[in-house]
Structure formats: structure tokens, C-alpha cells
Amino acid sequence: MGAFRDQSWSTRYTAMGDAAESQCVAWLDSNDRGWVRYGLDRPPLRMSMLPEFIRHTPDFLTSHSLVECKGFGRDQLGKIKIADWASLMRWHKMHPVELFFYDQHNERCIVVPFDKLHQSVAHKDKRIQKDQFNDDPPKPYWAFPADLLAELGETHGSITTEA
């Protein structure tokens, strides 16, 4: 089947975020953090008709924060689209945002407060790269190396989920 990034958009869309979100739910549960699903999970809507801010609603709401889930692959880069970034900044002004990164290849999760990522971008940390997804049109993103994410946040092992 090949690397996830090399699959067609329609193939990626059917599973996008599922592994990261299930790990996040397990992490939230294991830390007794009550949560509700908050973001849009592949809704039967024409997403392109919605404002960016609504399209990029974080995945979960807890009493402590909004939680956005991301996965990353063998390249060990947590990628956040610039459009998502702008929305996350707005959400963060209303309620703290945390980013939950799932690294399936190293069986770990890294939880980073958004404000720490924002400070790193604002201070032009040279480890952070700006690149773009080869979509039509191309979508620019920030690429955060896993070692930087671990430095800024908390690292946890993967949590076994019961089927």
C-alpha cells in the first residue's frame, strides 16, 4: 500500500487522524481528564464552504484545554498547516490549546501546550521548517521535529487500547 503520505487524498481521508485520536482518548482517560468530542470528524458537509475557523475546530474539549490531535510518520516531523495554525491561535485565546502528537513508529505520544509551540515559531527556532503539502493548491505548513516537540512538551508511551 505504500507510505501514508503517498496515498491518494481520498484514501488518506478515510483513516486520517484515527490512530492519533484513539491514542489521545486513551491518554485523556488514563489521566482522568473528562472529555467530549468537539471537532468535526469527517462530517457530511462541504467543508470548503465553512469558515477556516470552524473547519479547524480542535478535536476534543476538556476542562483544562482544547486538544488537537496530530500524527507523524517516519520523517519524525509534526506538521501543522498554516491555515490550522491561525485558527488554533484564535481558539487558544478562548481556552488553552494542547497539541497531542502520536508517533506510531516509536510508540509514543507527545503533548505540547500551544503557547510553547507559538513561542518557538515567534522566536524563529531554526529547527522549525516551513514547507508545503503538494496538494492542489499547495498547502503550506510548519514542520516541528520530534526532538523539539519532546523538549517543549511531555512524552508518554503509547497506551494500549482495549478492543
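**Briefing: a predicted chain of helices and strands**

Helix α4 passes helix α5 in a left-handed crossing. Both helices belong to a predicted model of a chain with six helices and nine strands. Six of the strands form an open sheet of mixed pairing, and helix α4 packs on that sheet. The mean pLDDT of the chain is 87.

**The α4 and α5 helix pair**

- The axes of α4 and α5 lie 11 Å apart, and the two helices pack at an angle of about 130°. Helix α4 is therefore oblique to α5, since an angle counts as roughly perpendicular from 65 to 115 degrees and as roughly antiparallel over 145.
- On the α4 side, the residues in this contact include Trp85, Leu88, Met89 and His92.
- Their counterparts in α5 include Phe114, Asp115, Leu117, His118 and Val121.

**The six-stranded sheet**

- The strand order in the open sheet is β1-β2-β3-β5-β6-β9.
- The edges are formed by β1, residues 35-37, and β9, residues 154-157, each of which pairs on one side only.
- From one strand to the next, the twist averages 25°.
- Within the sheet, β5 (residues 97-103) and β6 (residues 108-113) form an antiparallel pair with six bridges. One of the bridge partnerships links aspartate 103 with arginine 108 in β6.

**Helices against the sheet**

- Helix α4, residues 82-94, touches β3 (66-72) and β5. The direction of α4 makes about 135° with that of β5.
- Helix α5, residues 114-122, lies across β5 and β6 and runs at about 75° to β6.
- Strand β5 is thus named in both arrangements: α4 touches β5, and α5 lies across β5.

**The β7-β8 hairpin**

- Strand β7 (residues 129-133) pairs with strand β8 (residues 139-145) in the antiparallel sense, over five bridges.
- Five residues make up the connection of the hairpin that joins β7 to β8.
- Across the pair, lysine 130 stands opposite tryptophan 142 in β8.
- Proline 137 is placed in the loop between β7 and β8. The peptide bond leading from aspartate 136 to proline 137 is cis, with omega near 5°.

**Loop residues with positive phi**

- Aspartate 32 is not a glycine, yet has a positive phi of about 50°. This aspartate 32 sits in the loop between α2 (18-30) and β1.
- Aspartate 32 counts as exposed because its relative accessibility is 73%, and the cut-off for exposed is over 50%.
- Glutamine 76, likewise not a glycine, has a positive phi of about 55°. The loop that holds glutamine 76 runs between β3 and β4 (77-81).

**Burial and contacts in the chain**

- Of the 163 residues in the chain, 39% are buried.
- Among contacts between residues at least 6 apart in sequence, 63% join residues at least 24 apart.

**Confidence of the prediction**

- A pLDDT of 70 or more is reached by 86% of the residues.
- Residues 7-16 have a pLDDT below 50, and in the model this stretch has 13 contacts beyond near neighbours in sequence.
- Where pLDDT is low, predicted coordinates should not be read in detail.

Conventions:
Residues are numbered from 1 along each chain as its sequence is written. This is a predicted model: local features need pLDDT of at least 70, side-chain atom pairs count only at pLDDT 80 or more; totals for chains, interfaces and linings use all residues. Side-chain values use heavy atoms; hydrogens and water are left out. Two strands pair if DSSP finds at least two bridges between them. Helices (H or I, at least four residues) and strands (E, at least two) are DSSP runs, numbered from the N terminus. Axes are lines fitted to C-alpha atoms, for helices over the stretch in contact, and angles run from 0 to 180 degrees between N-to-C directions. Contact means heavy atoms within 4.5 Å. pLDDT is the predictor's confidence in each residue, from 0 to 100. Buried means under 20% relative accessible area, exposed over 50%, partly exposed in between (1.4 Å probe, protein chains only). Angles under 35 degrees count as roughly parallel, over 145 as roughly antiparallel, 65 to 115 as roughly perpendicular and the rest as oblique. A crossing is left-handed if the near helix is turned anticlockwise from the far one by less than a right angle, and right-handed if clockwise.
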